[in-house]
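Trainee: I would like a close look at a single part of this model, the salt bridges. Please add enough of the rest to place them.

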Amino acid sequence: MKEILKKIMLVSAAMVYIQSSYAQNCKTREELDAAPGQYLTAAQHPWPAARADYFINLKTVADKAIAKKTLEQVEKTEQQSRIGFTLTGGNWESTFSSNRYEYAGNTKMGSYYLQTAHYEFFCASGKQKRNSEYGTVLRVYANAIPLNTLNRFIKRTFDDRMGDKNFGFQYADWKNNLNKPGDKLISLFNYLSCNNTSLLEAINTGQNYFQDVAEEDVKMNTRVPHIYRYWFVKKNTTVPMLIPVSRKAYLLSLLEYYEREKLQFVKTITVFTADRDKSGLKQIEEWETAVNEKIDIVKKILATEKEDWLNEQAITNRTEDVYQNSKYKLKEKINYNRFWKFYDGEKKSEPLYQYNPAYFKTSSAGAAAPQFITIAFRYVTMPSSLRLLHNFTNKFDYAAYVKLLH
């Protein structure tokens, strides 16, 4: 009974907080924009269940403790940027969250982030209310480049699609069936492509921010589109985080992938034989022939090309490769990741990059030890959002974030 009463009291307190922003009368947008807002730290989030799940995706006690300590320090650093700043037009509310583990090459990293969002005020029936959704949000990620919002510029280039099948070829420990999100990948699936030199420079140097919409294209007083401004904080500004993938390294990673395809033959043949599926066995024969052809093509290039040529950066073109497969009437399912040629700046060509082993080191403190920080400020060009953006940008303290890195 006491536990039930405690939960009721917690929910009631949360509702009091949420409703506390609704007391004022309002008539105009200007009144709402000038109305004082409230700050809410991650520890003050009104829902206990949400707080309990902040670090649910980190699996060890040590990783959870490091992530909590790091994000609390991140939160305090962000708070320092608001000294002397008057918050109006909405509340500025924080939460913590964790992502799955990821690998930078051979280095396992736990990823987690602070989210601080601006919940604007709006007027309903003459009363000021807090919007339940946000347009402006600051996210500070430890050990992650947010590829989801940056995918127009940087992305993982390869996956293991085989038509409608997913055999899990990308996972390093595929033989033991440890093929789940967050597991270590073989080299081919670690590669990133980046089509924007300004973004690449920002990531590798930690200098200047990158914005996904050019300043001259920003339209004022609108809520669409959302605009993102990014900072990348590094523990060492002289060592790049991303380095080019050589043609030789790329070709060798293709051979590694083709060997993974061959691992599937025995398993699939066993299934088709048990089912007495002659058409299925015929498909396996065709697949095996195609894989051997792919292997021969790559091995010939490695054997005949000069070392200088092989050491140049690999530039691929997935769209053109698929077109070539179609042009020669090759079956997609058995010719995925077939090599045709390297490209040189043609439309939709993709220069390949990989995480730099010289930058990423396994930490004795654990996988959650922060090795780099990405700061993403999403804003709209309305007055309250721009005030938050300009204040954060003008007072951004790079050195303070560097101190948080191991």
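Mentor: A contact here means heavy atoms within 4.5 Å. Among the contacts in the protein chain with a separation of 6 or more, 77% are between residues 24 or more positions apart. The model is a predicted one, where local features need pLDDT of at least 70 and side-chain atom pairs count only at pLDDT 80 or more, while totals for chains, interfaces and linings use all residues. Residues are numbered from 1 along each chain as its sequence is written, and side-chain values use heavy atoms, with hydrogens and water left out.

The frame is as follows. The protein chain has 12 helices and 15 strands; these are DSSP runs numbered from the N terminus, helices being H or I with at least four residues and strands E with at least two. Of its 406 residues, 49% are buried. Buried means under 20% relative accessible area, exposed over 50%, and partly exposed in between, with a 1.4 Å probe and protein chains only.

Now the salt bridges. Side chains of opposite charge can pair when their charged atoms come close. The test used is a side-chain nitrogen of Lys or Arg within 4 Å of a carboxyl oxygen of Asp or Glu, and a search of the whole structure finds 15 such pairs.

One of them joins Asp-33 to Arg-387, at 3.1 Å from N to O. Asp-33 belongs to helix H2 (residues 29-34) and Arg-387 to helix H11, so this bridge ties together parts that are 354 residues apart in sequence. The two ends differ in cover: Asp-33 is buried at 18% relative accessibility, whereas Arg-387 is partly exposed at 28%.

A further bridge runs between Arg-223 and Glu-120, whose closest N and O atoms are 2.6 Å apart. Here Arg-223 sits in the loop between strand E10 (210-211) and strand E11 (227-234), and Glu-120 in strand E3, 103 residues away in sequence. Glu-120 is buried, with a relative accessible area of 10%, while Arg-223 is partly exposed at 37%. The pair does not stand alone, as Arg-29, Glu-120 and Arg-223 are linked in a network of salt bridges.

Lys-331 and Glu-286 also meet in a salt bridge, at 2.8 Å from N to O. Lys-331 is in the loop between H10 and E14, and Glu-286 is in helix H8 (residues 278-304), so the bridge ties together parts that are 45 residues apart in sequence. Glu-286 is partly exposed, at 28% relative accessibility.

The loop that holds Lys-331 also carries a ring pair. Rings of Phe, Tyr and Trp (its six-membered ring) pair if their centres lie within 6.5 Å; planes under 30 degrees apart count as stacked, over 60 as edge-to-face and the rest as tilted. The structure holds 28 aromatic pairs. Tyr-328 and Trp-340 form a stacked pair, because their ring centres are 5.4 Å apart and their planes are at 20 degrees. Both residues are in the loop between helix H10 (318-327) and strand E14 (350-355), 12 residues apart. Tyr-328 is partly exposed at 48%, and Trp-340 is partly exposed at 28%.

Some charged side chains face rings. A charge sits over a ring if NZ of Lys or CZ of Arg is within 6 Å of the ring centre and within 35 degrees of the ring normal. Arg-82 lies over the face of Tyr-39, 4.0 Å from the ring centre, and the charged end of Arg-130 sits over the ring of Tyr-119 at 4.2 Å from its centre.

Helix H11 and strand E3 come up again around helix H4. The cover over the buried residues of H4 includes strand E2 (90-104), strand E3 (107-124), strand E5 (136-142), helix H11 (383-394) and helix H12 (398-402). One of those buried residues is an acid, Asp-63, with 6% relative accessibility. Leaving aside residues up to four places away in sequence, Asp-63 touches Leu-58, Tyr-101, Gly-366, Ala-367 and Ala-368.
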